[in-house]
Amino acid sequence: MYQLMCILLSVLLSLISASAHAETSKVIATGGATTIEGSAGGGIVSWAVINGYASSDQWSFTAMNTAVYVDDFTLHSIGASLSIDNRFELSIAKQTFDLDTLGGKLGQDIVGVKYKLAGEVLYTAMPQISLGLQYKRVDDFALPQAVGARDDWGVDIYLAASKVYFDAIAGRNLVTNLTLRATKANQTGLLGFGTATNNDYQLQAEASIAVLLTDNIALGYEYKQKPDQLGFAEENDWQDIFMAWFVNKHLSVVGAYVDLGSIAGFEQQQGWYLSVEGTL
């Protein structure tokens, strides 16, 4: 996967150097940040926005490096995305989940595609609406299979709506997002997909809300509903409170306090999230 990512990054950089424009009309922060799954959004919720700052007839490239530290686990995610015409988004991500207390690690690869169906996040009454797919595959199926997972791969399908409301709170702009996701993933896929007795999709809701304290600093909250399918341990929904600093159109930093609930029998997994990303 790393070799594939390096090849893709080289290809994408070459394409962008030939095709990207130095200027773009897209407003800072409207590309959002990058989730741990590689798509544009907050930290844990995919939004309808298209990553980067490409406008019509432009391309944009984004790369991110994210770490999440909770009591008994550490998640690292690296990824990249290519945005085309502010319409398509192609993304890849590599996740490594260290089992700090138990020992060992899990991991998965995620390839995503997103297409903007309608609306605009800023200038139309209709929210921007996008449809996304994420293909996920775990690195090693031994542990997920041992705890009851059915498959080592799965496909998430999500429909997201994002909208910015101007002067909504004390003269500041409000960013909102609602996502509906059909998934079979256990712990977003790190513990496999489905169970031995149930291979049905579960419809889950995700939401984000953020206030732009300044033009380039956002304070927000995210909630991610998750299935609870594996019998050996309870799986809780995720949530976080985040601060995003869009330094400029090429660099952004996101920090968050995260609550991942119960993971593999370890209760109250709370900690910190830090993500740095660059955009061309």
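This is a guided tour of the structure, stop by stop, with a selection to make at each one. Keep in mind throughout that the model is predicted.

**Stop 1: the barrel**

Start with a cartoon view and colour by strand. You should find a closed barrel of 12 strands with antiparallel pairing, in the order E3-E4-E5-E6-E7-E9-E10-E12-E13-E14-E15-E16. From one strand to the next, the twist averages 20°.

**Stop 2: strands E3, E4 and E5**

Now select residues 59–70 for E3 and 74–84 for E4. These two strands form a hairpin with three residues between them, and they pair in the antiparallel sense over 11 bridges. To see one position on this seam, pick Thr66, which stands opposite Ser77 in E4.

Add residues 88–98, which make up E5. E4 and E5 run antiparallel and are joined by 11 bridges. Here you can pick Ile78, whose bridge partner in E5 is Lys94. E4 and E5 also form a hairpin with three residues between the strands, and Asp85 in this hairpin takes a positive phi near 60°.

Before moving on, show E4 with its side chains. How many of its 11 residues are buried? Nine are, so to speak of E4 as mostly covered is fair.

**Stop 3: a cluster of phenylalanine rings**

The structure holds five aromatic pairs. For one of them, show Phe73 and Phe97 as sticks: their rings are stacked, with 5.1 Å centre to centre and 10° between the planes. Phe73 lies in the loop between E3 and E4 while Phe97 is in E5, so this pair ties together parts that are 24 residues apart in sequence. Both Phe73 and Phe97 are buried.

Next, add Phe266. Its ring meets that of Phe73 edge-to-face, at 5.6 Å centre to centre and with 90° between the planes. Because Phe266 sits in the loop between strand E15 (251–259) and strand E16 (270–279), and Phe73 in the loop between E3 and E4, the pair ties together parts that are 193 residues apart in sequence. With the three side chains on screen, you have a cluster of Phe73, Phe97 and Phe266 linked by ring pairs.

Why does Phe73 count as buried? Its relative accessibility is 2%, and buried means under 20%.

**Stop 4: the nonpolar cores**

Select Ile36, Val68, Phe97, Val258, Leu260 and Tyr273. In the largest nonpolar core, which has 37 residues, these six touch the most other members. Phe97 is a familiar face here, as one of the rings in the cluster with Phe73 and Phe266. The elements giving two or more residues to this core are E3, strand E12 (202–212), strand E14 (238–248) and E15. Of these, E14 gives the most, with four residues.

Centre the view on Val258. Beyond residues up to four places away in sequence, it touches Val68, Val70, Gln239, Asp240, Gln269, Gln270, Gly271, Trp272 and Tyr273.

There is also a second, separate core of five residues; select Val138, Ala149, Ala185 and Phe193, which are among them.

**Stop 5: strand E7 and its two faces**

Select residues 128–138, which form E7. Strand E6 (residues 105–118) and E7 run antiparallel, joined by 10 bridges, and Val111 has Tyr135 in E7 as its bridge partner. E7 also pairs with strand E9 (residues 153–169), in the antiparallel sense over 10 bridges. Along that seam, Leu131 stands opposite Leu159, while Ser130 has Ala160 as its bridge partner.

Now turn on the E7 side chains in two colours. Which residues point to the buried face? They are Gln128, Ser130, Gly132, Gln134, Lys136 and Val138. Ile129, Leu131, Leu133, Tyr135 and Arg137 point to the other face and are not buried.

**Stop 6: Lys136**

Finish by zooming in on Lys136 in E7. This lysine has 0% relative accessibility and therefore counts as buried. Draw a distance from its side chain to the backbone oxygen of Thr188, and you should find 3.1 Å. Apart from its neighbours within four places in sequence, Lys136 is in contact with Glu37, Gln108, Asp109, Ile110, Asp152, Trp153, Gly154, Asp156, Arg181, Thr188 and Phe193. Phe193 also appears in the second core.

How values were computed: Residues numbered from 1 in each chain as written. Predicted model: local features only at pLDDT ≥ 70, side-chain atom pairs only at ≥ 80, totals over all residues. Heavy atoms only, no water. Phe/Tyr/Trp six-rings, centres within 6.5 Å; stacked < 30°, edge-to-face > 60°. Buried < 20%, exposed > 50% of the residue type's maximum accessible area, 1.4 Å probe, protein only. Core = buried A, V, L, I, M, F, W, Y, C linked by side-chain atoms within 4.5 Å. Contact = heavy atoms within 4.5 Å. Polar contact = N/O pair within 3.5 Å; in protein donor to acceptor, adjacent residues only side chain to side chain. Pairing = 2+ DSSP bridges. Axes fitted to C-alpha atoms, helices over the stretch in contact; angles between N-to-C directions.
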